[in-house]
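Hi,

Here is the structure I promised to pass on. Have a look at it first, and then read my notes underneath.

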Amino acid sequence: MRVIVMVKATKESEAGIMPSTELMEAMVKFNEELINAGVMLAGEGLHPSSKGKRIAFDGPSRTVIDGPFAETRELVAGFWIWEVKDMAEAVEWAKRCPNPMPGPSELEIRQVFEAADFGDALTPELAEQEERQRQKLAGH
Amino acid sequence: MAATEIHQTIETVFRIEQARLIAGLVRMVRDVNLAEDLAQDALVAALSEWPKTGVPKNPGAWLMAAAKRRAIDGFRRSKMLARKHAEIGRDLEDEGADPVADIEAAMDDDLGDELLGLIFTACHPVLSPEARAALTLRLIGGLTTDEIARAFLTSEATIAQRIVRAKKTLGKAGLTYEVPRGPEREERLASVLEVIYLIFNEGYAATSGEDLIRPALCAEAQRLGRILAGLAPGEPEVFGLLALMEIQASRLNARIAPDGSPVPLTEQNRARWDQLLIRLGLAALERAEALGGAGGRYTLQAALAACHARAKKAEETDWQRIAALYDKLRAVMPSPVVDLNRAVAHSMAFGPEAGLALLSEIEQAGALRDYALLPAAKGDFLFRAGLLVEAGAEFERAAALTRNERERTFLLGRAAACGR
C-alpha cells in the first residue's frame, strides 16, 4: 500500500531556517535506507508557506490568499511517498527518521486511496461514466 | 504499550530486518536453513526481551548479535565442525566490549554485498524457476509459506516442500554464497531477473476478486527490483527490468473494465495510469540506456512500454518507433509471440498490408497454429484493408480457438461487424 508521510512545519521551517549539515547528512542516510529497501517512491522538501498560495472556494467564487499562513503546526514542510506492506511498516520506518527539525516535531502518515478502497462509492453510474470517458479517449 | 501492540511492533521490525539478517548469517554459517533458524531464534529472543527493555536503538544489529550468540551455542552443543566454531568464536572475540556497535558498523559495510549474495543464492540456476521464486519471496520478501501458497494458487504443503527441497539442493551444491564475479555473473544475473519478472507476471495475471495477495506480488517484485537496483547500480538490465515493471504496473488500475473484462492498451483511460510509477519507470529506463544497455531484452521491452506511457492519447503513439524496437527485440529474444506483436506494430506504423506480410512469414514457419491471437490480428488487418469477408472468417476462426469466454464474445462481435 502507498502512504504519504508529511513532515509538519515548525517555527524554524516557517522562518526559512535551513537544516544543519549534520541533519542533512542524517537525512541523506535515512533516504538511502528507504531507497535501498525499495520503500521510497518520492520525497521533497517545501519552501515556507510565505511563498505559498491558497485558493479559497465558495460556490462559484475563487479567492487567492497569499502566505504565510497561521496554524504553523498544521502546515506541511516536506513529504515522502512510500510503498509499504502495511501501516505498521510505515510506522516503523517513520520512527527511524532523524528528527527533521531542531526542536520538537511531528510526522504524519496517511494512506493513499487505491481503486479497491472506493468500494461501493464507485457506483455503477460512475463506473459507466468512466467507461464513456474511456471510449471517448479511445476515439469511439 | 499493550502486549499485542509491542508484539506487532517486534514482528514488523523483524520483517524489515529479516533479509539482511539472514544474508549476514548465511555468509557466516554457509547454510541457508541454519541461517533461517538462527534468525527465528533471534526473533524469539526479541519477543522475550524487547517487551521489557523496549525496542533497541539499532534493532538490526541487536538481532544479529542474538543470532550469532545462538549460532555459537549451537556449535558448542553439537560440537560441530571445529573450524566453523573457531571462526565464529574469533569473530565474536574480535568484537570487543560492544558487539552490537561493532556489528552495526560491519553491517553497514558488508550489508549490500551480503544481501546481493543471498539474492543470487535464492535465484541459483540449480533450482527450478518455481523453487527460486518461492525461496526469494520467503528469504528476501519475508512472505510466509501460507502467503506464497495463496499467491501461487497452490497448497501450503506444496510450497513448504518446495522450499525445503530447494534449501537441500543448495546445501548439496557446495555453493560459496558469494556474489558471482566474472563470466558467471551474467548468467546468474539473468536467472535473478527471470525470477523477479516471473513473480511480477504472476501478480499481473491475477484477476479482480481474487485473493489480494496475488496482485500484491507485483508490488513485491517491484520492491525486489528496486532493492536490486540499489545493490547492483552498474547493471543496465536490472534497470531495464525495473523500468518494465514500473511502467506495466502503472496501468494496473486501468486495464480491467467495471464488468471485469480486460481493456486493451490503446483503449485504456490514460487518466488512470499511475504517473508516479511512469516517472520512476522512465527514470530507470534512462539509467539502463545510459549504462549502455539499450539493446538488452528487458530494456527493449521497457522502451516499448515507455512508448505507450509517453503518449497522452492512443492516437499519439509512436508506432514507427515501436515497430523499430520490435525489430531489435526479435534479434535478442526470438519468439513467435514477439513476431506477432511485431506484425501488429508494423501494421499500425506502415498499414495493414505490412502487418499481413509479416503474419504470413509466421504462418509459413508453422508457428502459433492454435493461438487465437494470430487470426484475431489477421482479422483486424484484413478489416482495416477493407477485405471484410476474409476478415470475418479470421475473427470466427479466432473465436473458435480462444478458451476465454469474454474474448470469444468480443471476437464474434467483430465477425458480426464484418457482415457475417
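**What I found at the interface and beyond**

Across the interface of chain A and chain B, the rule finds six residue pairs in polar contact, both residues being at pLDDT 80 or more. (A polar contact is a pair of N or O atoms within 3.5 Å; within protein, one must be able to donate a hydrogen and the other to accept it, and residues adjacent in sequence count only if both atoms are side-chain atoms.) On the chain A side, the elements that give two or more residues to the surface touching chain B are helix H2 (21-36), strand E2 (40-45), strand E5 (76-83), helix H3 (87-95) and helix H5 (124-137). H5(A) gives the most, with six residues. Helices (H or I, at least four residues) and strands (E, at least two) are DSSP runs, numbered from the N terminus. By class, that side of chain A has 13 nonpolar, four polar and 12 charged residues. For the classes, Ala, Val, Leu, Ile, Met, Phe, Trp, Tyr, Cys and Pro count as nonpolar, Asp, Glu, Lys and Arg as charged, and the others, Gly among them, as polar.

Before going further, please keep in mind that this is a predicted model: local features need pLDDT of at least 70, side-chain atom pairs count only at pLDDT 80 or more, and totals for chains, interfaces and linings use all residues. Residues are numbered from 1 along each chain as its sequence is written, chains are lettered from A and ligands numbered from 1 in the order in which they are written, and side-chain values use heavy atoms, with hydrogens and water left out.

Back to the interface. In total, 29 residues of chain A are in contact (heavy atoms within 4.5 Å) with 34 residues of chain B. The area buried between the two chains is about 2600 Å², and carbon and sulfur atoms give 50% of that. Buried area here is the accessible area (1.4 Å probe) that two parts lose on being put together, summed over both.

Now the charges. Side chains of opposite charge can pair when their charged atoms come close. The rule finds six salt bridges across the interface of chain A and chain B, and the structure holds 33 over all chains. A salt bridge is a side-chain nitrogen of Lys or Arg within 4 Å of a carboxyl oxygen of Asp or Glu. Two pairs to click on:

- Glu17(B) with Arg96(A), where the closest N and O atoms are 2.7 Å apart.
- Glu89(A) with Arg223(B), at 3.1 Å between the closest N and O atoms. Glu89(A) lies in helix H3 of chain A and Arg223(B) in helix H10 (residues 216-231) of chain B, so this pair joins two chains.

Are the partners in that second pair buried or exposed? Glu89(A) is buried, with a relative accessible area of 3%, and Arg223(B) is buried too, at 13%. (Buried means under 20% relative accessible area, exposed over 50%, partly exposed in between, with a 1.4 Å probe and protein chains only.)

Chain B has its own network of salt bridges, linking Arg27(B), Arg30(B), Asp113(B), Glu178(B) and Arg181(B). Arg27(B) is buried at 17%. Its salt bridge with Asp113(B) has the closest N and O atoms 3.9 Å apart, and this pair links distant parts of the chain, helix H1 and helix H5 (residues 99-122) of chain B, 86 residues apart. Asp113(B) counts as partly exposed, at 30% relative accessibility. Arg27(B) also meets Glu178(B) in a salt bridge (3.7 Å, N to O). Glu178(B) sits in the loop between helix H8 (156-172) and helix H9 (183-204) of chain B and Arg27(B) in helix H1, so the pair ties together parts that are 151 residues apart in sequence. Glu178(B) is partly exposed, with a relative accessible area of 30%.

Arg30(B) deserves a note on its backbone as well: phi is near 55 degrees, a positive value in a residue other than glycine. Arg30(B) lies in the loop between helix H1 (3-29) and helix H2 (32-53) of chain B.

As for chain B overall, its secondary structure comes to 19 helices and zero strands, and buried residues make up 50% of its 420 residues.

Finally, a loop in chain A: Gly67(A) and Pro68(A) are joined by a cis peptide bond, with omega about 0 degrees. Pro68(A) is in the loop between strand E4 (61-66) and E5 of chain A. Glu71(A) is found in the loop between E4 and E5, and its phi is near 50 degrees, a positive value in a residue other than glycine.

Cheers
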